[in-house]
Every structure is written in structure tokens, then in C-alpha cells.
Amino acid sequence: MIPVYETAFLNTAIGRSGKMPGVSLIVRWAVLAIVAVLAFTTTAHAQRGAVAGGTISAVQIQGNVRAERETIRSYLQLKEGQPYDAAAADRSLKALFGTGLFSDVVIEMQGSTLVIKVTENPIINRVAFEGNNKIDDDKLRDEVQSRARQVFTRARVQSDVERILTIYRRSGRYNASVEPKIINLEQGRVDLVFEINEGDVTGIKRITFVGNEAFGDGTLRGKIRTAESAWWRFLSSDDRFDPDRLNLDRELLRKFYLSEGYADFRVVSAVAELSPDRDGFFLTFTISEGERYKFGEVDVSTRFPGLDVDVLKTYLPMSEGDWYDATDVEKTIATLTDIVGALGYAFVEVRPNIRRNKDNKTVDVNFEVQEGPRVYVERINISGNTRTLDKVIRREFRLAEGDAFSSAKLRRSQERLRALGFFEKVDISAAPGSAPDKTNLEVQVVEQSTGEISFGAGYSTTAGIVGDISVKERNLLGKGQEIRVGLSLGTLSTNIDLSFTEPYFLDRNMVAGFDIFRTSNDRQSVANYSDSSIGFALRSGWAYSEHMRQVVRYTLRQTNIYNVMPWASPVVQSQAGYTTVSEVSETIAWDTRDTRINTTKGFLLRNTLAVAGAIGTEQYARTTADAVYFQSIIDDVVISVGGSMGVVLPYNNTYIKLNNLFFLGGDNLRGFAVAGVGPRDAGTADALGGQYFYTTTTELSFPLYGIPKELGLLGKAFVDTGSLWGNQATGMGASVLDNSLMRVGTGFGVQWISPFGPIRVDYTFPIVYEPWDKTQNFRFSFGTRF
């Protein structure tokens, strides 16, 4: 039967007379064919519509082995007795796939029966890794989501592959590949094996800078964290590509240029390109330096009545005409905030108003000291410290509950917490309190291991070969206390010690602790004897400021001089046996050095006074003082000038024994052997020590030409002077050679801060010396802790 609209079309085409006017027989048959196709399609569509609208008489589930039929039925939106609905069937299909139980699902009508055909995903029997040598199985297993006894899904496996690749990329292996293998087992189980090709470490082949005119590529490479790959960096990861480190490098470049006066500096782009063979990255920093500026007018203004701005100006580190330094501006903000706060102004805010004059290339800075919002600290909430006690954290705060809020004190509190070394991460944020003028400080910490076991090895021409092992806990029982046990064994000395330190004794900002020690020294090459000491020390110290500290110590020590050779000096032979020293000492130090190794600026002043004799066999008074000053002359060239002196005097007509006198030479006076300068027995050449000494040192430190800066090699040129004199041995059967002539040595050396520790080689020419002095041209020292 031909539908009505097809009939109308046909009638129109052939006309009412039954003929097709003006067309050929071929066209006539083509029109008849089209009409027939339309009729068949319409009839089929009508039949399918009748099925789709039919009622479901039964639901049949096929292919399920582990999944219960009722579980599958619970995801269906089609039930018996309902009409078939294609949209509901599509939603049921998606719901079943969403369970992750099935790799394939088919829903179809067979007559009036709804048939659900499922193909179940297998169960993972085990997850294994093959080919991984650099990253162990446990770390990979913690990262992947696929687990034994879970349902296997291809989507999850693909996600696991990406996770594994991410781990390898973090370790610098960008050419690593991972291929998952499926091993089919019986009962619908599979073994999932990740076959890994770790590849080589993808290092940094080259770092290039575009647009830099004021500074060379070598200088800029020394200012960023990322470094080019080199053989000596096998203990570092800085030569591996890390996108996060690349962002840090951009910021380091910005800070460097801003500190050098380039106020318009910006990093246009930082691009990392993987080489075609995927064995390294090429980093390219495109920068715009801009013009270099100097400080113009630098001033301080305030709205606080009674606050003398002239006093505040004395704390400004910069002056008009100096090269602009953004770092100095930031430090000045913190300094002025602290100073004004210390003067009793609780709510202080320092804003730098910066005006750039492009015509004369100057930057005017006005530090405006104004009253900040009146906000008080309501509560300090601490979280994340599962081991460290709350009071250990609170005592590092420069703010307490009820204090006026200060961003400078908050910043300093965060710095002090990080400096403890107890926490991997410290975050402090301010949250609204119970009132508009109150704030809560939310402190979140992530604890890290504070136990340490370290092994050391070294060699020097002074101490010979030395090896040591120490075990230390820096946060004992979560109380912030430190305990250390150490053992040092060497060819010339042995040392065993136990020390304990309480950083807040009696809940005050005062350090207290004790040391128990036993030492032995082979001094045969110096004066034909050996000695050993055993004793303990009690100490207490406190800080007057960020840079000044004082320490008081009591030491009780028993020393035995033994193994005295028959040919030793009569002075040495007369001192064989035991002596007991009971000593009280006090040390005060002012230290502003930026670092302890490769110092570039700052100074150290230190003085120690000691008195022995309350009990024991020895009675003397001793004082020592030393000072050193560091100053950078030009980029990476540092000059240091220092000196030291000491005096030890007996009282009550006593005699000072060898182990309480000074010895000079070696590390403290280059160009001379250990104990090579000072009073000496004319017959045996034994060093007898002295009561008075002084030394001076002038040293120039500079990078070696043609050597990459990042290698850490520095050249040294120095001049040392000093002398040691004064001995009570006259009249004890020995002829003593002794005078206070200044000794002078000059030389050069090379220092390398290697992955194994600092290594230094010096060659010195003694210029002024006495005939009986023992000189030494070459000195070598090497040491590390790992």
C-alpha cells in the first residue's frame, strides 16, 4: 500500500490524465523508483515506531559472571510492564558503563523482551612493575590507582601510566616510557604489569639569555637556580628540568636586576625546548633590561605626632646617588616597622611611595610611616604538629594573644619557626576574629624528620686522616631539645662526646646544656708526648639581639700527659702525669656574617675570658679575642681582614702546664707547621707553647678565570702575620729559644665547595721567620659530612 502523501506526489508528477507530459520514459521510471523507496522507508519507520512504543514483557540479562542480576537491574531505567523508551535505554547504558564493572554493554529489544548483554571487566590479580631501577616499587605502587582485587578498567590504567610518567619527569627523566601489559588468567582475572623504560636523565644542555647587555650569560647563570648539566653535579638535581624551578628562575632574575638598579626589568619569556633526541632541554630566557636608575630623593614622612623622622632617617641604608636597589627598599620597610613599633607605636604601616623619573634616570622614595588598622590578636591556632608540643611553636612567636597585630612581627615569627628545622612547611595566615578589630592567626605546619645520623671523613696536614660518626636528635620528645652522641677517630686524635641542649631553660629565652667528653691526641711529632683528657662542661647562653649572644661555661677536665719519650725536653718530662682544671669562662660574640662558608659581607667580633683555680691543680686567667670583617669589592671579589690575640697568666706563683698554653702554626698561621712558631727547646726542638700570641690575616677571594662559576671554585691570595712568645720553662734544665719577632707568610690557594664538602689547597711562602721555626709550604684539607 502506498501512503497518501506519496500518492499525491505521483499524481502531481504524471498529471491528471495519467500521462507524464514533456518527459522521457527514463525519467518516468526514475520517478517511480524514488516513490517506491520512500514508501519502503516510511513503512519500516512506522514498524520501528510500533516496536519502540511497545510494552516490555520481560528483561533478560546475559553475559554476567560476577555481577548479580539484581545489581544490574538496579541501574536500569526500563522495567517490565513499561513501554520501551530509547532515551531511558541510553541513560541505562551510561549508568552501567559508569559502574566500571563492564567493558561492553548492549541494550536491545528482541520482540517484546528487553535483552541486556554485558561483558564484564576482569579482576586485577596483582599489579607489578618491571624495568624500574631508579624508583622503587613501593613509591610507584603508592601513586597508581589500580590495586589487586579491584576491577580492571582501561581508563584507570591509562591514568596510572600518566601518573608514573609524571613521577619520572619530576626526577628529570622526560624520555621515560611506560607500557601496560595484561596477562589473562582463569576465572576472569588478570595480572597488570607496567613495563617501564626509564631512559636517561634529561638534563639541561644549554641555558641562553637573549636581550642581556649589562651582564653576561655566565653571570646570569650564576643567579638562577637551574644549572647546565655537568659531571660534578651528580649529587644535585639543579641540572634537571623542572617547570616550577623555571618560575623560580624568573623571579630570581627579576630580583637580581632590581637590586642592580634596573627598575624597568622584565622577563619577556622563558622557554624550555626538548632536543630532538629527547636527551636534554634548551632553556632560553628573553629579557628586557631597561635603563639603570639611581636613587633620587630618599625621605621619611610620618603622621605620628612626636615621632622624630630625623632619627628614622639614620636607619636608611641608601642615599641619593646610590644605584637603585629594590632589596634595600624591602629591608628598610621591615627595619622602620620594627623600630617604630619598639618606640611604643603599636599599629604601624610603612608604605614606600616610589616615583620613577625617566628623564634623569632616578627613583625617588618616600617611606611614609602611618597608623595601620587597629587589630589585635585574639587567638593563635596551631595545627599539623602531631609530635612537636604547642609551646615549642608558641615560644618562637614574636606575637602573643592580646597583642597588637604586626605584620613585621608575624613575618619574623614565621622565619623563626622555619629556622628551627623541625618543619617541612610553615604557613601562617590571618583569619577574621569575633569582632572587626580582632584577628586569629592560623598556623599550619608539616613536620619532618629531626633525627640525624651522619658519617664524616676528611684529611688535613694538621690532623691527618679523620673519620667520625654522630647521632643527633634535634627535637627530643617534641620538646625542641637536642641530644648528640659523636665519635671521631683519626690518625692523630680521638674524640668521644655526648651533649644535650635545652633551648628554653626554665621557659625563658636562655639556652642551657652539658657536654661530656673524652679526647686523646698524638703530639709525638710536636713535642714527643701524647695526652688524653676526660671531663664535662655545663653551659648557658642567651641572645641580646639577633646578632649578639653571650655564653657562660663551666668546665672540669682531667688531663694525662703520657708516652713521654726519653729524649723529650726536660720541660715535657717534668709535666708527665695528671692535672685537673676547673675553669669558668664567658664568651660574647657579635656576628653579622651572611653565611659561614664563602662569606661575602658582615663581621664577627668575639671575646672570651676564663679563670681556672677554684678547685683542681691549675690556676690561671686567660683571655682571647678575635675579629674579622668581610666586604665585597666588586662582583664576586671579596676581601677579608681579621686578627686574633690571646694572653694566659698564672697566679699564686703557679706554673702553666703544656695543655693550657697557646700553640701557633698550621691553620692559624699559614706558612708554618703545627706548633711551628713560638718557644722551643734548643736541644730537642720540642714545642713548649707560649703565654702571648697574636695573628692577622688579609685575604682576597675571587672567581677563577675561565672556570664556570657554578663549579664553586674560588681563588685565594693571602698574607698572614703573627707571633707567639712567653714561657716559664727557663731554669728547668732546658735552653729555650723564645722571642716575639713577627712572622710573615704569604701565598695563594684554591677552595672548592665540592659535593663531598669543602676542599682547600694552599701554597705559602714564609717571608719572615726565625731559624728554629718549622715552616710548611703546602697545606691541604678535605672534609665532609653525609
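Reader: What share of the 786 residues of the protein chain counts as buried?

Author: This is a predicted model: local features need pLDDT of at least 70, side-chain atom pairs count only at pLDDT 80 or more, and totals for chains, interfaces and linings use all residues. Residues are numbered from 1 along each chain as its sequence is written, and side-chain values use heavy atoms, with hydrogens and water left out. Buried means under 20% relative accessible area, exposed over 50%, partly exposed in between (1.4 Å probe, protein chains only). The buried share is 39%.

Reader: How many helices and strands does the protein chain have?

Author: Both are DSSP runs, numbered from the N terminus: helices are H or I with at least four residues, strands E with at least two. The count is 14 helices and 33 strands.

Reader: Which element gives the most to the largest nonpolar core?

Author: A nonpolar core is a set of buried Ala, Val, Leu, Ile, Met, Phe, Trp, Tyr and Cys residues joined through side-chain atoms within 4.5 Å. The largest has 23 residues, with Phe295, Leu312 and Phe367 among those with the most contacts inside. Strands E10 (294-302), E11 (348-357) and E12 (362-371) and helix H10 (326-342) each give two or more residues. With five residues, the top contributor is H10.

Reader: Which residues does Leu312 contact, leaving aside neighbours within four places in sequence?

Author: Contact means heavy atoms within 4.5 Å. The partners of Leu312 are Val300, Leu307, Leu336, Ile339, Val340 and Val369.

Reader: What do the buried residues of H8 pack against?

Author: Helix H8 covers residues 243-259. Its buried residues include Leu246, Leu253 and Phe256. They pack against strand E7 (203-210), helix H7 (217-221), strand E8 (266-274), strand E9 (280-288) and H10.

Reader: Which residue with positive phi follows H8?

Author: H8 reaches 25 Å from its first C-alpha to its last, close to the 24 Å expected (1.5 Å times one less than its number of residues). After H8, with phi near 100°, comes Gly261.

Reader: Which strand gives the largest share of the nonpolar surface patch?

Author: The patch joins Leu741, Phe748, Tyr763, Phe765, Ile767, Val768 and Phe778, with about 630 Å² of accessible area together. Phe748 lies in strand E31 (residues 743-754). The largest share, four residues, comes from strand E32 (residues 757-768).

Reader: Why does Phe748 count as partly exposed?

Author: Phe748 falls between the buried and exposed cut-offs. It counts as partly exposed because its relative accessible area is 47%.

Notes
Patch = residues over 30% accessible without salt bridge, like charges linked within 9 Å, V, L, I, M, F, W, Y side chains within 5 Å. Areas by Shrake-Rupley, 256 points an atom, 1.4 Å probe, with all protein chains shown as cover. Salt bridge = Lys/Arg side-chain N within 4 Å of Asp/Glu carboxyl O.
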